[in-house]
Amino acid sequence: MADRMQARRASPALVLGLIAMAVVGSALAQHHLAQRPKTLRLYVFDCGVIKGLDPGLFNLKKEELAETELAVPCYLVVDPKGTLMWDVGAIPDTAFKDDHTPVTQSYFTATRTLKSQLAEIGYAPTDITYLGLSHYHGDHVANSNEFASSTWLVRQVERDAMFADKPPALSDPHNYNLLIDSKTVILTTDEYDVFGDGKVTIKFAPGHTPGHQVLILKLAKTGNVMLAGDLYHYPEERRLNRIPTFEFNKDESLASRAMIEEYVQSTNTQLWIEHDYVGNSKLKKSPQYYD
Ligand SMILES: [Zn+2]
């Protein structure tokens, strides 16, 4: 009887202990799995929307556009050899009161923090190996300071513009100022192989900003995908070949577009316009991923 009582008393503690071990074990396993998958993955995060911009800024008329809103995605690339954050949103996580209340700043609205979306798949910003920004505009760099401990992959002309005495147009240096001390790799070649396995490549495509760049992924099942930065904003811009009014160098933008169009055609690469609202709404969002 005493034995049975003891067994009964011990049992809930034992069960709790086992549950705790299982939870910790599975969290560790999940974290580990998230850190080192065997094949390349691309996660797409929801970093908000841009509403109310005048299509005239893009040399387009409202009636030429199927949708005037723009999406703001952020991306995490997970390679067996490490991780790369590509573009980090329009609104810094620090502007959120909590994870449930949307935040609006000028034309931008975000409903979720980037950090919470990373945490959902087992990452903290400090886990991320590399930070890549398509360019310095405010809707691509808002959470840069969160990734100051990552190695920053940037071209000299872009970095120089970001830290010039006169800050660049359409950006807030307070959101990226910590990158000045980050470990940095200055990209000097037309193409840069991020992990050395030929699967993740940053390609120079200047014009929108002096060091604007795009990201090319060779995914095993999805195929070749290009995250095209702001080479285009609307799909109609691509079809009509209109150039925004606020390009750093319009001729360079036109040349980059021609070069990239030839590249995607000859390499059978899908071009994803990052801001394309309709295109983005059809993408799988994290915790789902492309592989
Ligand atoms: Zn831009």
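Here a biologist and a modeller talk through the strands of a predicted model.

Biologist: What makes strand 1 mostly covered?

Modeller: Strand 1 spans residues 41-50, and 9 of its 10 residues are buried. Buried means under 20% relative accessible area. So 9 of the 10 residues fall under that cut-off.

Biologist: How do you know that strand 1 pairs with strand 2?

Modeller: Pairing needs at least two bridges. Strand 1 and strand 2 (residues 70-79) are joined by 8. They therefore count as a pair. The two run antiparallel. Ile-50 stands opposite Leu-70 of strand 2.

Biologist: Why is strand 5 called a partner of strand 1?

Modeller: Strand 5 covers residues 108-110, and 2 bridges join it to strand 1. The rule asks for at least two, so the pair qualifies. These strands also run antiparallel. Ile-50 has Phe-108 as its bridge partner in strand 5.

Biologist: How do you know that strand 7 and strand 8 pair?

Modeller: Strand 7 (residues 151-154) has 3 bridges to strand 8. At least two are required, so these strands pair. They run parallel. Trp-152 stands opposite Thr-184 in strand 8.

Biologist: What is the order of the strands in the open sheet?

Modeller: The sheet has 8 strands, in the order 4-5-1-2-3-6-7-8. Its pairing is mixed.

Biologist: Why is one side of strand 4 and of strand 8 left without a neighbour in the sheet?

Modeller: Strand 4 (103-105) and strand 8 (184-186) stand at the edges. Each has a single partner strand, so one side has no neighbour in the sheet. On average, neighbouring strands of this sheet are turned by 25° against each other, direction ignored.

Terms used
Residues are numbered from 1 along each chain as its sequence is written. This is a predicted model: local features need pLDDT of at least 70, side-chain atom pairs count only at pLDDT 80 or more; totals for chains, interfaces and linings use all residues. Side-chain values use heavy atoms; hydrogens and water are left out. Buried means under 20% relative accessible area, exposed over 50%, partly exposed in between (1.4 Å probe, protein chains only). Helices (H or I, at least four residues) and strands (E, at least two) are DSSP runs, numbered from the N terminus. Axes are lines fitted to C-alpha atoms, for helices over the stretch in contact, and angles run from 0 to 180 degrees between N-to-C directions.
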